[in-house]
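Notes on the model follow, as numbered points. Please read them with the coordinates open.

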Amino acid sequence: MRRQIIGAVMLAAAGTFALAVPAEAATGLLVVNGVPHENPQRGCHPTSSPVSIQNHTNTMVLVHAAANCQGPVTAEVNPGQAATTFGASYFVF
């Protein structure tokens with residue numbers, strides 16, 4: 001019985017800590033069409049075409065031709081690189 005109670009308390013604590021962890025974000029500055037984004041959130045973001053990206057983060061950014069990060073990738077912008085291309089969305093890893 002005591003083991004079951006301890007297990008339940010540990011499981012509840014682990015769940016609480018899991019919910020308290022902030023969403024992942026890239027570290028650094030991402031400049032999209034002249035607008036700086038400090039520590040941009042991981043995921044898909046809308047943009048307007050043509051899109052200009054300066055990647056000063058620690059992760060790669062992919063530019064997609066269509067909204068919602070659909071369609072072909074029009075640019076792969078690695079850390080320390082910049083690119084200008086057409087696209088309707090970009091994904092921060």
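1. Cys 44 is partly exposed, with a relative accessible area of 34%. Here buried means under 20% relative accessible area, exposed over 50%, and partly exposed in between, with a 1.4 Å probe and protein chains only. The model is predicted: local features need pLDDT of at least 70, side-chain atom pairs count only at pLDDT 80 or more, and totals for chains, interfaces and linings use all residues. Residues are numbered from 1 along each chain as its sequence is written, and side-chain values use heavy atoms, with hydrogens and water left out.

2. Cys 44 forms a disulfide with Cys 69, at an S to S distance of 2.1 Å. The disulfide criterion is a pair of cysteine sulfur atoms within 2.5 Å, and a search of the whole structure returns one such pair. The bond connects distant parts of the chain, 25 residues apart: Cys 44 lies in strand S3, Cys 69 in the loop between strand S5 (61-64) and S6. Strands are DSSP runs (E, at least two residues), numbered from the N terminus, and helices are runs of H or I of at least four residues. The torsion about the S-S bond is about 105°, so the disulfide is right-handed. Unlike partly exposed Cys 44, Cys 69 is buried, at 15% relative accessible area.

3. Which residue of S8 is the bridge partner of Cys 44? The partner is Phe 91. S3 and strand S8 (residues 89-92) run antiparallel and are joined by four bridges; two strands count as paired if DSSP finds at least two bridges between them.

4. S3 and S8 belong to an open sheet of four strands, in the order S3-S8-S5-S6, with antiparallel pairing. S3 (43-46) and S6 are the edge strands, each pairing on one side only. From one strand to the next the twist averages 20°; axes are lines fitted to C-alpha atoms (for helices, over the stretch in contact), and angles run from 0 to 180 degrees between N-to-C directions.

5. Strand S4 (residues 51-57) pairs elsewhere. With strand S1 (residues 28-32) the sense is antiparallel, over five bridges, and Leu 29 stands opposite His 56. With strand S7 (residues 82-85), S4 is again antiparallel, joined by four bridges, and Val 51 faces Thr 85 across the pair.

6. In a regular strand the side chains alternate between the two faces of the sheet. In S4, the covered face carries Val 51, Ile 53, Asn 55 and Thr 57, and the uncovered face Ser 52, Gln 54 and His 56.

7. Pro 79 sits in the loop between strand S6 (73-77) and S7 and is partly exposed, at 41% relative accessible area. Leaving aside residues up to four places away in sequence, Pro 79 touches Asn 55, Thr 57, Asn 58, Thr 59 and Met 60, where contact means heavy atoms within 4.5 Å. The C-alpha atoms of Pro 79 and Thr 57 are separated by 5.6 Å, with their positions 22 residues apart along the chain.

8. Some backbone geometry deserves a check. Most residues other than glycine have a negative phi, and most peptide bonds are trans. The peptide bond from Ser 49 to Pro 50 is cis, with omega near 0°, and Pro 50 lies in the loop between S3 and S4. Asn 39, in the loop between strand S2 (35-38) and S3, has a positive phi near 50° and is partly exposed, at 34%. Asn 68, in the loop between S5 and S6, has a positive phi near 60° and is exposed, at 62%.
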